[in-house]
Amino acid sequence: MHPELKSTGVLFTGQVGYIVTGMRSTKEARVGDTLFHNKCIVEPLPGFKPAKHMVFSGVYPADGSDFEALNHAIERLTCNDASVSVAKESSTALGLGFRCGFLGLLHMDVFHQLLEQEHGARVISTTPTVPYIFEFSDGSKVQVQNPAALALTPGKRVTACWEPTVMATIIIPSEYVGPVITLCSDRRGQQLEYSFIDSQRAFMKYRIPLREIVVDFYNELKSITSGYASFDYEDADYQTSDLVKLDILLNGQPVDAMATIVHNLKAQRIGREMVDKLKKFIDRQMFEIIIQAAIGSKIIARETLSAMRKNVLAKCYGGDVSRKRKLLEKQKEGKKRMKRVGSVDVPQEAFHELLKVS
């Protein structure tokens, strides 16, 4: 503590002091809070606003027994970064975990790297989502951060949807104008401004849904412009949109950790890409695995992962054909029973690959 503050209890202009407290929870004090003596009445410092979370992702331990270790690691990290929101949640596919809110995709990546590098936590991260607003037939509105939470009761349907948007500013060399316009159009961007700064540089301003840029928009932009693009964005208002919930089913059972909310026009393509990627990364089992993408009760994509087959006829060198048929029927019944009670293990690489689908 500054010597003059220690003796007088007052800080003057140009002096710097600090306070040591015993608070452990980051919810007790945040940046922008005004500290004052209990006998004084002061106005809080203006201009400070709470951090606004724009990207949400589920964080689960790769091994279910490591939940307490992950909980301890997250508590330690949030002591230094109060801008991360943490809430416990449960997934039928991944077990106990956390729903975390971040300021952006880069913020989320840094947080995950700190978990793995500084605390040795092995985690599985679900596809990043943004906060949507849904209005139902009974007039109620709800903000949805986790797609798995969007469960409709009988007689209740969605009548309107809103999604957050951003004002994106892009500066690029003039020779890359065409590919960048195509990229922004594919991401449902609305062009607001287009001009040339000089003979070699172009300036563009787009209104783009936040969902379209939180995963790989920046990487795509840098790739098609050979790294010369400058990109910045600011939060904008919500806009109405035609959104649907896309579910992934494994043998008819929905995997809530893979559910996502997408635009209706892109649902068919995204569902097909997700199913194709899962077929490559899920290991074959002794029973058949059916991978499906669905919107409500409508299946829009399907792949089948064939079962590993043991040759039960290897020792049948001869004899009546009915004996062989009996062995094959017995194997078929066994595979049906395994399919009913067996569980499908989804590797961590499959979740990482799904992040690349947009």
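**Close-up views of a predicted chain**

**View 1. Helix 6 keeps its buried residues on one face.** Helix 6 covers residues 267–281, and at 1.5 Å a residue its 15 residues should span 21 Å, which agrees with end C-alpha atoms that are 21 Å apart. (The expected span is 1.5 Å times one less than the number of residues; helices are DSSP runs of H or I with at least four residues, strands are runs of E with at least two, and both are numbered from the N terminus.) Which residues of helix 6 are buried? They are Ala-267, Ile-270, Gly-271, Met-274, Val-275 and Leu-278. Looking down the axis of helix 6, you find these buried residues within an arc of 130°, so they line one face of the helix. (Buried means under 20% relative accessible area, exposed means over 50%, and partly exposed lies in between, with a 1.4 Å probe and protein chains only; the arc is that of the directions from the helix axis to the C-beta atoms.)

A word on what you are looking at: this is a predicted model, in which local features need pLDDT of at least 70 and side-chain atom pairs count only at pLDDT 80 or more, while totals for chains, interfaces and linings use all residues. Residues are numbered from 1 along each chain as its sequence is written, and side-chain values use heavy atoms, with hydrogens and water left out.

**View 2. The whole chain holds eight helices and 15 strands.** Of its 358 residues, 39% are buried. Take the contacts between residues at least 6 apart in sequence: 64% of them join residues at least 24 apart. (Contact means heavy atoms within 4.5 Å.) The chain exposes about 21300 Å², and carbon and sulfur atoms supply 52% of that area. (Accessible areas come from the Shrake-Rupley method with a 1.4 Å probe; for residues, only the protein chains shown count as cover.)

**View 3. Four strands form an open sheet.** The strand order is 2-3-1-4, and the pairing is antiparallel. Which strands stand at the edges? Strand 2 (85–91) and strand 4 (123–125) do, each with a single partner strand, so one side of each is left without a neighbour in the sheet. From one strand to the next, the twist averages 30°. Helix 2 (residues 67–80) packs on this sheet and touches strand 1, strand 2, strand 3 (95–102) and strand 4, with its direction at about 15° to that of strand 3. (Two strands pair if DSSP finds at least two bridges between them; axes are lines fitted to C-alpha atoms, for helices over the stretch in contact, and angles run from 0 to 180 degrees between N-to-C directions.)

**View 4. Strand 1 is covered on both faces.** Seven of the seven residues of strand 1 are buried, so this strand is largely enclosed by the rest of the structure. On one side you can find Val-55, Ser-57, Val-59 and Pro-61, and on the other Phe-56, Gly-58 and Tyr-60. Strand 1 (residues 55–61) pairs with strand 4 over three antiparallel bridges. There, Tyr-60 stands opposite Ile-124, and Pro-61 has Val-123 as its bridge partner. Five bridges join strand 1 to strand 3, again antiparallel, with Val-55 opposite Phe-102.

**View 5. Helix 3 lies across strand 1, strand 3 and strand 4.** Helix 3 (residues 105–119) runs at about 15° to strand 1. Its buried residues are Leu-105, His-107, Met-108, Phe-111, His-112 and Leu-115. They cover an arc of only 165° around the axis, which puts them on the same side of helix 3. These buried residues pack against strand 1, helix 2, strand 3 and strand 4. On the other side of helix 3, Leu-106, Gln-117 and Glu-118 are exposed. Just after the helix comes Gly-120, with a positive phi near 65°.

**View 6. Asn-71 is a buried residue of helix 2.** Asn-71 counts as buried because its relative accessibility is 13%. Setting aside neighbours within four places in sequence, Asn-71 is in contact with Lys-88 and Phe-98.

**View 7. Ser-226 and Asn-251 each have a positive phi.** Most residues other than glycine have a negative phi. Where is Ser-226? Ser-226, with a phi of about 55°, sits in the loop between helix 5 (217–224) and strand 10 (230–240). Asn-251, also with a phi of about 55°, is in the loop between strand 11 (243–250) and strand 12 (253–254).

How values were computed: The expected span of a helix is 1.5 Å times one less than its number of residues.
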